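User: I would appreciate a close look at a single part of this model, with the reasoning set out in full.

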Amino acid sequence: MIKERKLAFSDLRCICDPKTFSFKTTAQIDPLDGVIGQERAVQAIDFGLNMDSPGYNIFVTGIEGTGKSTIIRDIVAHHAEKRPAPVDWCMVNNFQDQFCPKTIEVPPGKATVLKKQMEKLVEGLKNELLTAFESKSYQKKIDELQKKYGEQQRQIFEALDQEAKRMGLAINRTQSGFQTFPVVEGKPISREAFEALDKEEKSRIEENIRQLQGLIESSMREVAKLKDAMQQDVEKVMSDIALFVTKTRIDVLLSQYDSCPGIVEYLKEVQENIIENVGDFLPEKEKSMPFPGLGGDASASRLQGYEVNVLVDRKNIKGAPVIFETNPTYQNVFGRIEKRAYMGTLTTDFSLVQSGSLLRANGGYLIMEIESLLMNAYVYESLKRALRNKILLIEDLPTSLGFGAMSLRPEPIPLDVKVILLGSYRLFHLLQNHDSKFNKIFKVRADFDHETDRNEATVAQYAQFVARVCKEEKLLPLTPTGVAAIVEFGEKQVADKNKLSIRFGPIHGVLKEADYWARKSGAKTVSEKYVVKALKEHRFRYNLYEEKTHESYANDTILLDVKGKVVGQVNALAVYQLGDISFGRPSRITTETYMGKAGVVNIEREAKLSGKTHDKGVLILSGYLGRTFAQKYPLNLSISITFEQSYGGIDGDSASSTELYAILSSLAEVGIDQGIAVTGSVNQKGEVQAIGGVNQKVEGFFEVCQTKGLTRRQGVMIPQANVQNLMVSRDVLKAVKKGRFHIWSVATIEEGIEILTGVAAGKADKNGDYPEESVFGKVQNKLKFYLEQQFRLKKEFGGEENE
């Protein structure tokens with residue numbers, strides 16, 4: 001059985017033959033122009049990009065290092081090139097409500113052009129309007145109006161003076177108003193003379209004064225009407241001139257943008273506002289300010305209302321935009337309304353509104369990482385709302401508004417964007433299960449695999465990928481042996497001889513580090529030895545803990561036998577994971593069996609050091625023992641199992657077959673070869689099942705045996721289902737080839753116990769009895785002895801009769 005289950009040298013590693021490559025270096029082959037082994041994800045992405053219906057946004061899942069970001073960018077960029085460039089967006093003043101600025105569409109690449117045209121328009125109008133209002137024709141019209149209304153005003157005051165004279169009164173005009181007083185022979189009467197008049201004369205004068213006051217008030221109303229009429233006529237003249245000057249310039253812009261309704265409407269509003277506020281374009285006399293420098297240029301400030309705030313300009317973009325937002329804060333995604341400090345408060349206007357990545361991607365594609373997005377408050381919910389309603393609102397966060405701060409409510413912008421989120425399986429399932437809107441908004445899932453089939457085509461693509469990285473990163477080219485080493489590294493990454501890893505992140509790192517060591521040695525190409533050097537040096541930088549753990553075996557701090565036979569003791573294997581580094585190390589499992597009814601006692605469980613999966617594996621042992629040995633009479637024993645010198649938590653069921661071998665050895669009193677370490681889980685039918693980390697476990701036990709001394713009889717026993725996962729190190733491979741180390745595969749407990757003990761497991765006859773010299777026969781006899789001994793003790797001490 002030992003020879004039958006021993007694996008051949010060729011079963012332990014899939015070796016890539018450098019002779020399969022026809023090139024001398026990767027510089028001679030075409031770089032990879034495509035994707036390796038991601039057909040499912042690529043098809044899903046293509047489907048999502050071509051679906052124009054609402055809700056077909058894409059959620060990309062996959063483990064780190066599979067190249068999700070790079071592949072997504074390449075595919076989306078290629079797809080975007082075929083689409084037309086979307087419109088530009090500008091924000092302009094709302095002349096009716098400055099707190100609700102308007103957004104307008106501008107033809108692609110014309111937003112900045114429009115901004116400059118408006119700046120030139122304002123500057124040109126300042127000069128032309130000033131010239132027009134300083135012209136002789138304008139001054140002549142104004143002089144005529146002033147003369148006309150001045151004459152009418154003179155006539156009103158002259159009539160008022162005549163009426164006052166008829167009444168024996170005079171009118172004195174002052175800055176504070178009109179004063180009336182009686183006169184005699186053209187001279188004012190003094191107060192003493194007025195008091196000396198008789199009562200009737202005084203009453204007559206007072207009555208005349210009251211009547212004259214009424215006439216004055218009536219005349220002043222007429223004068224006010226004349227002033228209003230004059231002002232209207234002056235404004236009419238100014239409006240006519242402003243219309244003539246403004247219309248000439250704006251008509252030029254209207255002819256250029258006649259196909260853009262938003263711009264046409266805006267330009268007409270600008271024209272109306274300029275005519276209404278033409279005085280803003282004229283210089284005004286300097287006014288003294290209580291605090292010099294705080295007032296600024298009032299005219300220039302008012303003219304800022306005609307500026308154009310460019311939100312998005314596609315001038316240098318071909319096709320649809322592709323935006324990768326690496327820091328998806330609320331302001332970065334949706335835009336922001338900036339503030340300026342003035343006199344102890346915060347003010348703002350439409351020119352301080354800035355766009356976010358969602359608007360820059362409008363008409364195209366926005367790529368973000370879901371983990372970063374969820375870490376920023378309000379972003380996820382606001383994004384869903386924007387995608388559902390297909391509108392974008394640029395507004396302040398409620399938490400960002402302080403006391404005394406003003407803000408805006410810009411006009412909503414129609415939204416047509418495809419959002420692509422990158423995330424982990426955990427976050428995808430979390431959102432899918434707990435967010436009712438998620439499946440309606442992200443209807444397409446693109447799942448990236450971490451491995452692909454190993455065949456001639458994918459191996460050739462691996463070489464092309466290496467060529468691509470070397471070209472893009474300006475690395476030294478690889479020789480066929482170097483590429484073969486990279487292929488074998490890809491195989492070991494997935495621990496499968498029939499698969500290749502497509503987690504290109506780690507491979508990319510190995511290529512860079514191999515290039516470093518090759519250049520340091522003065523080499524012109526990267527061969528196998530530099531790839532191996534890079535892998536060893538990388539591990540050396542991270543494996544201090546591994547070496548410290550190994551020292552514990554070398555100096556016998558951790559007790560472990562690697563030769564001889566011991567009853568009820570077997571070497572199990574475990575994997576330690578420290579970031580990117582994982583390594584295997586053996587641990588001793590001991591078992592004691594004795595009479596009693598406690599069944600299997602897991603000491604780790606009793607000490608609360610075991611996980612649920614490990615507890616399950618131990619409970620399965622009772623099922624196997626009952627199925628194999630309790631068909632004729634009940635089990636009547638206690639079993640104590642423990643991992644010796646284990647003080648931390650233990651989980652997983654990969655040692656369940658190991659524990660069962662120790663139990664069988666203890667019951668049969670047959671020693672187990674300590675030079676053979678064991679891994680594998682077991683089911684209730686005694687079938688040995690696959691486990692993870694098989695290569696690390698084999699290599700870990702080999703290193704311990706190498707340190708303690710190889711005896712040519714040592715090795716590891718693994719599940720048969722794990723043979724395809726073997727990609728052991730070259731050190732193990734050499735030792736196996738020389739017969740100094742061995743690896744066995746087993747499918748059942750019966751096969752395993754024979755290899756460990758050198759004694760046949762035994763096969764039950766038709767009565768359910770096993771041969772006495774077999775392991776199972778000895779177990780059966782021991783269990784029978786326990787049961788008989790129990791009956792004798794009960795009879796001897798008067799115990800309860802067995803039912």
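How many of the 15 residues of α17 are buried, and is the helix enclosed by the rest of the structure or open?

Analyst: The model is a predicted one, and the description below rests on it. Helix α17 covers residues 480-494. Twelve of its 15 residues are buried, so α17 is largely enclosed by the rest of the structure. "Buried" here requires a relative accessible area under 20%. The residues concerned are Pro480, Gly482, Val483, Ala484, Ala485, Ile486, Val487, Glu488, Phe489, Gly490, Glu491 and Val494.

These buried residues pack against both strands and helices. The strands are β18 (451-453) and β19 (499-501). The helices are α16 (456-473), α18 (504-520), α19 (528-542) and α25 (730-737).

The length of α17 can also be checked. At 1.5 Å a residue, its 15 residues should span 21 Å, and the C-alpha atoms at its ends lie 22 Å apart, which agrees. After α17 comes Ala495, which has a positive phi, near 50 degrees.

A surface feature elsewhere offers a contrast to this buried helix. Tyr545, which lies in helix α20 (residues 544-554), forms a nonpolar surface patch with Tyr576 and Leu578. Together the three have about 270 Å² of accessible area. Tyr545 counts as partly exposed because its relative accessibility is 44%, and that class lies between the 20% limit for buried and the 50% limit for exposed.

Definitions and conventions. Residues numbered from 1 in each chain as written. Predicted model: local features only at pLDDT ≥ 70, side-chain atom pairs only at ≥ 80, totals over all residues. Heavy atoms only, no water. Patch = residues over 30% accessible without salt bridge, like charges linked within 9 Å, V, L, I, M, F, W, Y side chains within 5 Å. Areas by Shrake-Rupley, 256 points an atom, 1.4 Å probe, with all protein chains shown as cover. Salt bridge = Lys/Arg side-chain N within 4 Å of Asp/Glu carboxyl O. Helix = DSSP H or I, 4+ residues; strand = E, 2+ residues; numbered from the N terminus. Buried < 20%, exposed > 50% of the residue type's maximum accessible area, 1.4 Å probe, protein only. Expected span 1.5 Å × (residues − 1). Contact = heavy atoms within 4.5 Å.
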